[in-house]
Structure formats: structure tokens, C-alpha cells
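Thanks, everyone. I have one model to walk through today. Let me put it on the screen.

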Amino acid sequence: MKNILKMIAATMMLISLNYASCGSASAASTSKVMWDNMELKKGQIGRVTILKETILMHIGKDPSVEGGAVRALKPGEVYRVYSTKTPDGYVPMYAVGGEYYIIQNSTLNGVHVKYETPSKAKLALLNKK
């Protein structure tokens, strides 16, 4: 009888250890990769910080039919960037999701948008998940 109880106790310990190790592995895979005070998301290639008031644009698949100014973005706002494009002869455009773009305006008073990319180490952590 004592041997049966010992075997049951040992089995329960092995099951609980196995469950605990699975729980920590899943917790590690769901951990967030932080870039300063913002979470780095899959597909994100950078971020823009608004330095001077600029416009958020909606540009559909056919820019001649849809699109236009959505709202004014205020200094200090930060947005994730998922792609960039620079049409011939134009300034860079930063895709912030859902066919919305922030255009790199610059005037005599300076640049309106600051674009940054995450470190290779942060991207490697993100792609590891």
C-alpha cells in the first residue's frame, strides 16, 4: 500500500512539473517585445514621431478616386510604421495601417515627422516569437 501511495505521489509530482514547464514556455512565447514605452508588433518596421502638426491621409487602392486628409496629428504623437514608399519625385510616405499614411512634410521651419527603426536585436526577438 505504501509503495502505491509513493508511486501516485511521484506521478503527481511529475505531472505538476511538466505542467509548470509548459506554462512557462507559453508565457515566454506571449511576452511582449518593448521598444522604449511602446510594444513592437509583428510586421512593424519602424515608428514615426510627430514633431510639428501634420496630416493623416487616407489613400485607397486608387488614389485618384478615394482618399484625402483625415485629421491633424499633433506634436508628440507616435505611430507604428508597417511600410514606407517614396513615389517618384515625392517625399516619403509612412504606412501606419488600414490605407492610412503619414507624409514626411518639411518646410523652412524643419521636418514635421521623425522616422526611426528598431534595433536588429529587437527585431530578432520579435521574429523569434
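One cut-off before the tour: buried means under 20% relative accessible area, exposed means over 50%, and partly exposed is in between. Take Glu-116 as the test case. Its relative accessible area is 22%, so Glu-116 is partly exposed. We will come back to that residue.

Please keep in mind that this is a predicted model.

Overview, then. The chain has 129 residues, and 24% of them count as buried. Its secondary structure comes to two helices and 12 strands. Along the sequence, the pattern opens with α, runs through the β elements, and closes with α. Now contacts. Take those in the chain with a separation of 6 or more: 58% of them come from residues 24 or more positions apart. The surface: about 9000 Å² is exposed, with 62% of that supplied by carbon and sulfur atoms.

On to the sheets. Strands of a sheet pair through backbone hydrogen bonds, either parallel or antiparallel. Which do we have here? Start with the sheet of five strands. This sheet is open, its order is β5-β4-β9-β8-β7, and the pairing is antiparallel. At the edges sit β5, residues 68-73, and β7, residues 83-85; each pairs on one side only. On average, neighbouring strands here are turned by 35° against each other, direction ignored.

Let me walk across that sheet. Strand β4, residues 54-58, pairs with β5 over five bridges, antiparallel. Within that pair, Thr-54 has Leu-73 of β5 as its bridge partner. On to the next pair: β4 and β9 are joined antiparallel over three bridges. There, Leu-56 stands opposite Ile-102 in β9. At the far end, β7 pairs with β8, residues 93-97, again in the antiparallel sense and over three bridges. Ser-83 stands opposite Ala-95 in β8.

Next, the sheet of three strands. It is open too, with the order β6-β3-β12 and antiparallel pairing. Its edge strands are β6, residues 78-81, and β12, residues 113-116, and each pairs on one side only. The twist averages 25° from one strand to the next. Four bridges join β3 to β12, and the two run antiparallel. In that pair, Arg-47 stands opposite Glu-116 in β12. So there is our test case again, with its 22% relative accessible area.

That takes us to charges. How many salt bridges does a search of the whole structure find? The count is six. I will show three.

First, Asp-36 with Arg-47. The closest N and O atoms are 2.6 Å apart. Asp-36 is in the loop between β1 (34-35) and β2 (38-39), while Arg-47 is in strand β3 (residues 46-50), so the pair ties together parts 11 residues apart in sequence. Look at accessibility on each side. Asp-36 has 60% relative accessibility, so it counts as exposed. Arg-47 has a relative accessible area of 7%, so it is buried.

Second, Glu-116 with Lys-114. Their side chains meet in a salt bridge at 3.8 Å, N to O. Lys-114 is partly exposed, with a relative accessible area of 40%. Now put these two pairs together. Asp-36, Arg-47, Lys-114 and Glu-116 are linked in a network of salt bridges.

Third, Glu-77 with Arg-71. This salt bridge is 3.8 Å, N to O. Glu-77 is partly exposed at 23% relative accessibility. Arg-71 is partly exposed as well, with a relative accessible area of 39%.

One last residue: Gln-104. Where does Gln-104 sit? In the loop between β9 (100-103) and β10 (106-107). Is Gln-104 buried or exposed? Its relative accessible area is 13%, so Gln-104 is buried. What does Gln-104 touch, leaving out residues up to four places away in sequence? The answer is Val-91, Pro-92, Tyr-94, Val-111, His-112 and Val-113. Val-113 deserves a closer look. Its backbone oxygen lies 2.8 Å from a polar atom of the Gln-104 side chain.

To wrap up, three things to take from the screen. An open antiparallel sheet has five strands. Another open antiparallel sheet has three. And a salt-bridge network links Asp-36, Arg-47, Lys-114 and Glu-116. Over to you for discussion.

Methods:
Residues numbered from 1 in each chain as written. Predicted model: local features only at pLDDT ≥ 70, side-chain atom pairs only at ≥ 80, totals over all residues. Heavy atoms only, no water. Pairing = 2+ DSSP bridges. Axes fitted to C-alpha atoms, helices over the stretch in contact; angles between N-to-C directions. Buried < 20%, exposed > 50% of the residue type's maximum accessible area, 1.4 Å probe, protein only. Contact = heavy atoms within 4.5 Å. Areas by Shrake-Rupley, 256 points an atom, 1.4 Å probe, with all protein chains shown as cover. Polar contact = N/O pair within 3.5 Å; in protein donor to acceptor, adjacent residues only side chain to side chain. Salt bridge = Lys/Arg side-chain N within 4 Å of Asp/Glu carboxyl O.
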